[in-house]
Amino acid sequence: MRTSTQRTLQTVVLAFIVLGLVALALGGYLRPLTRLLINPFVFAQSWLSSRVQAIENLARASQDLAVLRQRNLELEAQVSQLQAEIIQLKQQLAETEILSALVDFARAHPDHRYVAASVIGRDPSPFMKYVIINRGSDDGIRRGMPVVTQQGLVGRVTAVTAVAARVQLIIDPASSVDIRIEPSRAQAVLLGSLTGELSLDMIPQSASVNVGDLVLTSGLGGNYPKDILVGQVITVRRRETELFQRAAVQPVVDFSRLEIVLIIINFRPLDISPLIPTPGAP
Amino acid sequence: MAFALGFPIIALLTILQSALFSHMQLYQGYADLVLLAVIAWGLQPRVEADWHWAVIAGLVMGFTSGLPFFAPVLGYLLIVSLTRGLRMIVWQSPMLSMFVAVFVGTLLMHAIDWVALRLVGNPMPFLPALQLITLPTLFLNLLLAVIFWGIFQDLANWLYPTELMV
């Protein structure tokens, strides 16, 4: 009995205390006390929370880093591939432009039949101005056939194998080409040199040759077809004491950048050496 | 083995010289890789296949180049004679003999080419040829001499290992 009375009393007291505290809290009287009690708790929770978050970020960042690295590698590989493709396409474009120009040249000169060839090397000896092309007797190439580009005369075939041929350039020191100078129509001989420069010799003194005149093959001698452009006169040397005039020629073909050439396959050079009189012959 | 290796190595060097090094000109000259290979190989002690390499080099160059066919063959054979002589005389200083051989070999090779062209009716003016072709080629050959010496020394050591007394 006594015990139940005491419990009831305790409950009532507790209820009063709770109600009192609630009333005090509602009245704002407990705020300093609350602040005092909550602050350490908030601080502790913030500290713990920030550490947990940092650990979480670290874990996530390492995952992201691996993904980013992987992605970076993929993109780098893609960039390399695209760059290689661009280079290949540029090369194809350049080849197409050259081939297109060569086709135009072939259309403009329908009297000849051509075989296109790539220049695959130069003579291993620096004394010789020759190039090696990737077409040979299997493609109908024969010794002596003239070689041109869309710009003009390159040289002629001097040696042939089944799949390759050697071309003597007109700038070779041993090369000589019979030419005609326009508009004077004077005949002369075009000579190569060690330095790769072209010069004209045997120009008659009576001929009127000027800077800027065009130099074309004359067809004389039977080694080259006529009317193939060779170059332009850049200087003329005329001395009264000499039998002939001389001139320097700027070739229209850039021999240092030969890539694709055309071989005129329906032109057969003539061997006129038996017709040239030799000393002592009857 | 050394003889068998000669052909692919000389062929590869000829291709490199024709397709690549011929574009790297100094005036009108460019490095002669085949000459350097023949010299570097010929100067290696214990190497005996140097004559074979000279003949292979002469044939390949004679076939590839527009020079008269006999000129490279004769030139490389003379150069092997030179390297054999140097091997006996300057055996204690192989690098010195390499430089001497490259110097003399380049001049000798170009002299033979010059005479050969004159013989077949394509004479070259002497001084321009010397100034524009021979001297630049000589300079480039001397620059590459050390590299070739190193490569062919390794090749010789691999093909002719030194016998050790145990």
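In this predicted model, helix H2 of chain B is built from buried residues. The buried positions run through B:Leu33, B:Val34, B:Leu35, B:Leu36 and B:Ala37, and continue with B:Val38, B:Ile39, B:Ala40, B:Trp41 and B:Gly42. The helix spans residues 33–42, and 10 of its 10 residues are buried. H2(B) is therefore mostly covered, given that a residue counts as buried if 20 or more other C-beta atoms lie within 10 Å of its own. Other helices of chain B contribute to this cover. Among them are H1 (2–19) and H3 (50–64). H4 (70–89), H5 (94–119) and H6 (126–159) of chain B are also included.

Chain A has two helices and 12 strands. The order of these elements is simple to read. From the N terminus on, two α elements come before the β elements. The radius of gyration of chain A is 47 Å. The globule rule gives 19 Å for 282 residues, so chain A is more spread out than a compact globule. The box filled by its C-alpha atoms, taken along the principal axes, is roughly 170 × 45 × 35 Å. Of the 282 residues in chain A, 24% count as buried. Contacts across the sequence were also examined. Among contacts in chain A between residues at least 6 apart in sequence, 55% join residues at least 24 apart.

Six strands of chain A form a closed barrel. The strand order around this barrel is S6-S7-S8-S11-S10-S9, and the pairing is antiparallel. From one strand to the next, the twist averages 40°. One of the pairs in chain A joins S10 (residues 229–237) to S11 (residues 244–251). These two strands of chain A are antiparallel and share six bridges. Within this pair, A:Thr235 has A:Ala248, in S11(A), as its bridge partner.

The two chains also touch each other. Chain A gives 18 residues to the contact, and chain B gives 23 residues. On the side of chain A that touches chain B, three strands give two or more residues each. These are S1 (114–122), S2 (130–133) and S5 (165–169) of chain A. S1(A) gives the most, with three residues. By class, the side of chain A that touches chain B holds 10 nonpolar residues, five polar residues and three charged residues.

Terms used. Residues are numbered from 1 along each chain as its sequence is written. Chains are lettered from A and ligands numbered from 1 in the order in which they are written. This is a predicted model: local features need pLDDT of at least 70, side-chain atom pairs count only at pLDDT 80 or more; totals for chains, interfaces and linings use all residues. Two residues are in contact if their C-beta atoms, placed from the backbone, lie within 7 Å. Helices (H or I, at least four residues) and strands (E, at least two) are DSSP runs, numbered from the N terminus. Ala, Val, Leu, Ile, Met, Phe, Trp, Tyr, Cys and Pro count as nonpolar, Asp, Glu, Lys and Arg as charged, and the others, Gly among them, as polar. The radius of gyration is taken over C-alpha atoms; the globule rule is 2.2 Å times the number of residues to the power 0.38. A residue is buried if 20 or more other C-beta atoms lie within 10 Å of its own, exposed if 12 or fewer, and partly exposed in between; C-beta atoms are placed from the backbone. Two strands pair if DSSP finds at least two bridges between them. Axes are lines fitted to C-alpha atoms, for helices over the stretch in contact, and angles run from 0 to 180 degrees between N-to-C directions.
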